[in-house]
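Student: Could you walk me through the labels people attach to a structure like this one? I'd like to see each value set against its cut-off.

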Amino acid sequence: MRRSRIISCGAYLPENVMSNDDLAKIVETSNEWIEQRTGIKSRHIAAKGEATSDMATRAAQRALEKAGLTGLDIDAIILATATPDQTFPATAVTVQDNIGMKDHGFAFDIQAVCSGFIYALATADNFIKSGQIKRALVIGAERFSNIIDWTDRGTCVLFGDGAGAVILEADDTAQGTNKDSGILSTHLHSEGAHRGLLYVDGGPGTTQTTGHVRMNGKEVFRHAVTRMGEVVAEALQANNLQASDIQWLVPHQANKRIIDSMLEKLHLPPERAVITVAQHGNTSAASIPMALAAAVEDGRIRRGDLILMEAMGGGFTWAASLVRW
Ligand code: ACO
């Protein structure tokens, strides 16, 4: 049986760090309020002229270096972003060119906002399992600072910029038991009826302007906890596993309180979650691969560990994946 295995990770954060105190100079807020309600202490903000594709390329190059590969070894790039460089072409083709992936393969973007990375992972996993490709670069990259209304304290304190990437590779030796490494399953959902609770109020197809993030925070919070709880239960059940089997929860980093309530639902202690939201803020599709890269880099995640990823975002979209490292 063919499985996809994550063989390396890479991340990139812009140099410029914006603290809560910096934000308090722009809007009426305080470090205490932001930290208490969200767990966020600071976020990275892309430099002027630093595009989503630039950050994605840096993360991809780091993942390639770690795996000892070049762009020529990659068959496909699937890049999740809600903040592409341009309406078209896809940001992924710029990365394709930047990493020297010449004369072969394909690259495209996926848009599922904060769930985007798991959507991209699921897509690449299915290309690999079907035998169509052997290796994929799966990237989550965002420049949310471009679409934030910096006068709206209800949203501007939440988001940050960054990129994370993983390389997925076909493993034909994997056997169909839960002990095997690789992506065990992916679970995707969306419900368009709630698209008005979290959205960008512009775009070339309607207003011809970029628009800004608009959000009903309380409703998003409520749906996030419910939907992520459901999809996590679905993932565990599909693999005949228990929450206690999970070594690492690598959640979308929207809000520490949302992560805490997931830990509570799963009866897992706080030290089993990889949490980067304090330093990264919410980087939408980039948050899971950046958290994954951090925990692999510092040795927390080891071969054989069972990892649960979960996310929820505008749409609404929500998703989960179980991975044996
Ligand atoms: N600083 C100070 N005060 C603020 C700020 C701020 N940055 N933002 C709002 N307030 C005020 C409000 O005006 C309100 O004041 P009032 O009582 O005088 O009217 C008060 O604080 C309470 O506001 P609420 O919106 O009710 O605060 P809440 O406890 O719901 O926290 C928050 C807001 C942090 C946005 C929360 O709802 C949340 O985290 N929701 C989830 C949203 C999220 O994570 N979105 C990310 C995208 S989706 C995803 O990734 C899952």
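Tutor: Sure, let's begin with exposure: buried means under 20% relative accessible area, exposed over 50%, and partly exposed in between (1.4 Å probe, protein chains only). Keep in mind that this is a predicted model, where local features need pLDDT of at least 70 and side-chain atom pairs count only at pLDDT 80 or more, while totals for chains, interfaces and linings use all residues. Residues are numbered from 1 along each chain as its sequence is written, and side-chain values use heavy atoms, with hydrogens and water left out.

Student: Why does His267 count as exposed?

Tutor: Its relative accessibility is 72%, and exposed means over 50%, so the label fits. His267 sits in the loop between α8 and α9 (277–280), and has a positive phi near 55 degrees despite being a residue other than glycine.

Student: And what makes Gln208 exposed?

Tutor: A relative accessible area of 71%; with the cut-off at over 50%, Gln208 is therefore exposed. Gln208 is not a glycine either, yet its phi is positive, at about 65 degrees. You'll find Gln208 in the loop between β9 (198–200) and β10 (213–215).

Student: On to the ligand. How do you know that Asn255 makes a polar contact with the ligand?

Tutor: A polar contact with the ligand is a pair of N or O atoms within 3.5 Å. A polar side-chain atom of Asn255 is 2.5 Å from a ligand oxygen atom, so the pair qualifies. Arg153 passes too, with a polar side-chain atom 2.9 Å from an oxygen atom of the ligand. For Trp33, a side-chain N or O atom lies 3.4 Å from a nitrogen atom of the ligand, so that pair is also within the limit.

Student: Which domains does the shell around the ligand draw on?

Tutor: At least three residues come from each of domain 1 (3–171) and domain 2 (176–275 + 288–324), with the bounds taken from an automatic or database domain assignment. The largest share, 4 residues, is from α7.

Student: What makes a set of residues a nonpolar core?

Tutor: The members are buried Ala, Val, Leu, Ile, Met, Phe, Trp, Tyr and Cys residues, joined through side-chain atoms within 4.5 Å. The largest such core here has 47 residues, and Leu236, Leu266, Leu308 and Leu322 have the most contacts inside it. Its largest share, 8 residues, comes from α7.

How values were computed. Polar contact = N/O pair within 3.5 Å; in protein donor to acceptor, adjacent residues only side chain to side chain. Helix = DSSP H or I, 4+ residues; strand = E, 2+ residues; numbered from the N terminus.
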